[in-house]
Amino acid sequence: MSVVGRIAGGKTSATAGMPLPFGEWVEYFSYGNQIYGAPLNQTLVGNQQRITPNYLGIAQMAYKQNGIVFALITARQALFAQARFQFRRRLNGKPGDLFGTTALAPLETPWSGGTTADLLALAEMDVSICGNFFGARRATGVRRLRPDWTTIILGSNTDDEVQGYDIDAQPVGYIYQPGGAAAGEDPEYLLPEEVMHYMPIPDPIAPWRGCSWLEPVITEILGDKAAQAHKLKFFEHGATPSMLVTMPETDPEKFARWREIFGEQSEGTRNAYKSLFLGAGASATIVGADLKQIDFRAIQAYGETRLAAAAGVPPEVIGLAESMNGTALSDKVYQSAMRRFSNLTVRPNWQNFCGSAERIIDMPATDASGVSELWYSDSEIPALQADVLDAANVFGVNAKTINTLIMGGFTPESIIEAVNQGDLTLLEHSGLPSVQLQPTQIKGGSPDPEIVVGDEPE
């Protein structure tokens, strides 16, 4: 069988076997080196394809050392990890009630002391850093497989010479090697039904792996790190722009000595805000600009917003500078941002995770109540209570609609079907019109006749 190369394996140093520094990897990635261009390798002993950014480099240099990236991933984790797993019935393709069984135990207690929130937080971390999360089913629960130590094996039941891009290629197993190939540990081989592979953003070049939201904004991360370095250097030099100092000295030794004395007395934070005294013939000219002149806040804010857009986290959710616009963030704006965050980012990921986890969970058997699927419950998440209120309002409107249609003589079954589907053509009339639509009859001929509605009694 053919195999595909390592998931999230980065270019490594030839001497130490360690990943390249973050900036060097970006340079390698950005200047024509075809990391994705080569065909998938077909043997375990051949050249391993580097198919996603270096996991260790991204984790250390972006996640751990960039405040905006850390805040965005943490925000995604905070909401994503609050869901609970349930089973949901589907009858005739329509969602039904939620219920739980002991089959959910591996997800509820994935390891000793672990919780559903721990599992989901790890999944979000791996997906943000490298686009892939692997969870192996074990006797006592679920274990996370570090993505850059995991290899997907592709094969075919019909073609022994299948390659990674062939139409019949599909995952037939996984290889997990603790520490990576350089560690020399014995690999462990896992069957497809033993591993869940969660990748909410598929890689357009290889459908069997995921793509991190960080990849398109690598240059933005470098820009933000450069801005932070610039700000640090600015304060290290006394919070003043650089200066060009000239003096009429031609003797190199005297000039070097003068330069040394000048630096000791005038440079660095310890000399900040001191008066500058120059000898005869010397002059000082400011070069460069201070933070206000280069509109540092705006420049940094634009980069932060682009990072937030790639992460699917509205800037208002984590209070980025550009979202504030010099005013306090209103509750209405925050709720709107949270709704976008939950509906466009987190809910699709919950659904995707459930579909991926079904492979390693003992699903309930199909019965008269319908087919069951793994689903999530978000009813207890405080940040989504506005959605619960909206759902309650929709329920109230539907209840009034149902009541009105019943009074109009339509059958209850067809009313419920029409309301659920939003299709009035599904309504069926019972043939019993409302009493308000029946003609009135007058009994007797007295000046104050009795009004009788409907047929007269026999």
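Visitor: Is Phe 80 buried or exposed?
Guide: Keep in mind that this is a predicted model. The cut-off for burial is under 20% relative accessible area. Phe 80 comes in at 2% relative accessibility, so Phe 80 counts as buried.

Visitor: How many aromatic pairs does the structure hold?
Guide: Two rings pair here if their centres lie within 6.5 Å. Going by that, the number of aromatic pairs in the structure is 12.

Visitor: Are the rings of Phe 80 and Trp 350 stacked or edge-to-face?
Guide: The ring centres of Phe 80 and Trp 350 are 6.4 Å apart. Planes under 30 degrees apart count as stacked, over 60 as edge-to-face. The planes of these two stand at 15°, so the pair is stacked.

Visitor: How many residues apart are Phe 80 and Trp 350?
Guide: Phe 80 belongs to helix 3, residues 67–80, while Trp 350 belongs to helix 11, residues 331–357. Trp 350 is buried too, with a relative accessible area of 2%. The pair links distant parts of the chain, and the separation is 270 residues.

Visitor: What kind of pair do Tyr 198 and Phe 353 make?
Guide: Tyr 198 is buried at a relative accessible area of 0%, and Phe 353 counts as buried at 1%. Their ring centres sit 5.2 Å apart with the planes at 75°, so the pair is edge-to-face.

Visitor: Which parts of the structure do Tyr 198 and Phe 353 tie together?
Guide: These two are 155 residues apart in sequence. Tyr 198 lies in one element and Phe 353 in another, so the parts tied together are strand 8 and helix 11.

Visitor: Which residues form one aromatic cluster with Phe 80 and Trp 350?
Guide: Tyr 198 and Phe 353 are in that cluster as well. The remaining members are Phe 85, Phe 133, Trp 375 and Tyr 376.

Visitor: Which residue lies over the face of Trp 375?
Guide: There are a couple of charge-over-ring arrangements to look at. The charged end of Arg 89 sits over the ring of Phe 99, 4.1 Å from its centre. For Trp 375, the distance from the ring centre is 3.8 Å, and the residue is Arg 88.

Visitor: What is the strand order in the open sheet of three strands?
Guide: Strand 3, residues 133–138, is joined to strand 4 by five bridges. Strand 3 and strand 8 pair over four bridges. The pairing is antiparallel, and the order is 4-3-8.

Visitor: Which strands stand at the edges of the sheet?
Guide: An edge strand here has a single partner, so one side of it is left without a neighbour in the sheet. On average, neighbouring strands are turned by 25° against each other, direction ignored. The edges belong to strand 4 (141–145) and strand 8 (195–198).

Visitor: Which residue in strand 8 does Phe 134 stand opposite?
Guide: Strand 8 has Met 196 and Tyr 198 pointing one way and Val 195 and His 197 the other, all of them buried. Opposite Phe 134 stands His 197.

Visitor: How many residues of helix 2 are buried?
Guide: Helix 2 covers residues 55–63, and its buried residues include Tyr 55, Leu 56 and Tyr 63. The helix is largely enclosed by the rest of the structure, because the buried count among its nine residues is seven.

Visitor: Which residues does Glu 304 touch, leaving out those up to four places away in sequence?
Guide: Glu 304 lies in helix 8, residues 296–311. Its relative accessible area is 10%, so Glu 304 is buried. The residues touched are Ile 68, Asp 224, Leu 320 and Ala 321.

Notes: Residues are numbered from 1 along each chain as its sequence is written. This is a predicted model: local features need pLDDT of at least 70, side-chain atom pairs count only at pLDDT 80 or more; totals for chains, interfaces and linings use all residues. Side-chain values use heavy atoms; hydrogens and water are left out. Two strands pair if DSSP finds at least two bridges between them. Axes are lines fitted to C-alpha atoms, for helices over the stretch in contact, and angles run from 0 to 180 degrees between N-to-C directions. Rings of Phe, Tyr and Trp (its six-membered ring) pair if their centres lie within 6.5 Å; planes under 30 degrees apart count as stacked, over 60 as edge-to-face and the rest as tilted. Buried means under 20% relative accessible area, exposed over 50%, partly exposed in between (1.4 Å probe, protein chains only). A charge sits over a ring if NZ of Lys or CZ of Arg is within 6 Å of the ring centre and within 35 degrees of the ring normal. Contact means heavy atoms within 4.5 Å.
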